[in-house]
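This report concerns one molecular structure, shown below with its sequence. Please keep both at hand while reading.

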Amino acid sequence: VRSTAECGRVENVVIDATTDLDYLISGEVVFEIPLAEQRDLRERHVRAAFERHADISGRYGDFVRRQLGTTDLGSISLGEIPVIPTSSFKQHSVLSVAPEEISKWCVSSGTRGRQSTVGRDRRSLERLLGSIRAGISLIHSWLEDDVEVIHLGPERKEAGDIWFMYVMSLIELSFPTEHFVRRDHFHASEAIERIAKILKEGKQDIVVVGPPFRVQDLADAIERHQTRLDGGSRLSVVTAGGWKRLSGISVPRPEFDERISRVFGLREPTQIRDAFNQVELNTVFIECSAHRKHVPPWVYATTRDADRLRPQAVGTPGLLSYLDASAISYPAFIVTDDVGRVDEGECPCGRSGVTMTVERRLTRVSARGCALTLDKRTQQAGA
Ligand SMILES: [Zn+2]
């Protein structure tokens, strides 16, 4: 219950009775749960969330009834639950709580076209934070004071509403964090000095967090200063915020890992981990040592075919789709325009579970499924 309590303290809110799902999310062993039990948890929590959202959210409820043609929601399988194309969040606000309960309107980080806006209440935000803590347990089981975060981004109040900046800044609620972007300026030399000092003191581990391009900027600065860093097994790097999408650079991952390992003096490239999230998803997926992003059991991840959006067999490439039970303020039952795959079973890291990989972004929005909209009139006009 630590993350909930901690988040509550920082945000100055008193949290009401912890439900089963809150308990699961704030537990720190979520990825150690046996696969059969993970499937049961998924079935239970995703179904409960679906029935609640279909009941409470007028817009999603109407969409569900149009799609399914039935009101007997108990009889349909998880794979039949209607999913909302993420593009719909650019046009509509889809809510399952009263607007006054929203504590943060979250705006996507995209630079082109209209942006998605998603409303979150406090508990949805606390659960999102819980998912980050759970994901970090895939790296190491640090206690709060074991580690210092070197954050290559702004702190939360400077991060504003831009989603990827905001999500990255949430790590400051879990660990002592120093930020090295202030007023849009990246202070690379200060970050290097700080890392060198912590390594020299020999007490804490270090996690460097930032988008890949910033990690590269830091590596450039280390080489320019001819600083020798010996991160050994004490330094980890967590990248977040996409590769090409935000940075405009595209370095192949193995090349990135090789260079960053060398410049930071890491013992192994497995100490570099990528994190995935998007504004419509209320859970952050973080890589294990095998560089696979583990999906926790409150999310049902599948790929779907672009035509009819039907869930595909495990391991089949398609449009990534998530039914995320952790969002309370909106139905996080989405199909994205990312092409990727979802695997289930034993991971080379030794854990059993579900993992996902993003392969590329769908570039042509011509698939019929992508024209699917929450708006009845548009749908009829397009039919
Ligand atoms: Zn793994």
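The sections that follow treat the metal site, the interior and the charged pairs.

The structure is a predicted model, in which local features need pLDDT of at least 70 and side-chain atom pairs count only at pLDDT 80 or more, while totals for chains, interfaces and linings use all residues. Residues are numbered from 1 along each chain as its sequence is written, and side-chain values use heavy atoms, with hydrogens and water left out.

**The zinc site**

Which residues coordinate the zinc ion? The ligands are Cys288 (SG), His294 (NE2), Cys347 (SG) and Cys349 (SG), at 2.1 to 2.3 Å. Donors are N, O and S atoms within 2.8 Å of the metal (3.2 Å for Na, K and Ca); water is not among the atoms, so sites may look incomplete. The arrangement is tetrahedral because the four donor atoms subtend angles of 103 to 113° around the zinc ion; four donors count as tetrahedral if all angles lie between 85 and 135 degrees. Along the chain, the donors of the zinc ion have the spacing C-x5-H-x52-C-x1-C. Distant parts of the chain are thereby linked: Cys288 belongs to the loop between strand 11 (285-286) and strand 12 (293-295), and Cys349, 61 residues apart from Cys288, to the loop between strand 15 (332-346) and strand 16 (352-361). Strands (E, at least two residues) and helices (H or I, at least four) are DSSP runs, numbered from the N terminus. Cys288 has a relative accessible area of 0% and is buried. Buried means under 20% relative accessible area, exposed over 50%, and partly exposed in between (1.4 Å probe, protein chains only).

**The interior**

Strand 15 also contains Gly340, which counts as buried at 0% relative accessibility. The C-alpha atom of Gly340 is separated by 5.9 Å from that of Leu320, 20 residues apart along the chain. Beyond its neighbours within four places in sequence, Gly340 is in contact (heavy atoms within 4.5 Å) with residues including Thr303, Leu320 and Val358.

A nonpolar core is a set of buried Ala, Val, Leu, Ile, Met, Phe, Trp, Tyr and Cys residues joined through side-chain atoms within 4.5 Å. The largest has 78 residues, and Phe50, Ile81, Trp298 and Tyr322 have the most contacts inside it. Apart from this core lies another of 27 residues, among them Leu152, Ala188, Leu235 and Val263. Not counting residues up to four places away in sequence, Phe50 touches Tyr60, Val64, Leu68, Leu73, Ile76, Ile81, Pro82 and Phe333.

**Salt bridges**

A salt bridge is a side-chain nitrogen of Lys or Arg within 4 Å of a carboxyl oxygen of Asp or Glu. The whole structure holds 24 of them, including the pairs tabulated here.

| Pair | Closest N to O distance |
|---|---|
| Lys157 and Glu155 | 3.0 Å |
| Glu178 and Arg194 | 2.8 Å |
| Lys293 and Glu287 | 3.4 Å |

Glu178, in strand 5 (residues 177-179), and Arg194, in helix 8 (residues 188-201), link distant parts of the chain, 16 residues apart. Glu178 is partly exposed at 31%, whereas Arg194 counts as buried at 19% relative accessibility.

Are the partners Lys293 and Glu287 buried or exposed? Lys293 is buried at 11%, and Glu287 is buried at 2%. By contrast, Lys157 counts as exposed at 73%, and Glu155 as partly exposed at 30%.

Asp220, Glu223, Glu258, Arg259 and Arg262 are linked in a network of salt bridges.

Definitions and conventions: Tetrahedral: all angles 85-135°; square planar, octahedral: opposite > 155°, others 65-115°.
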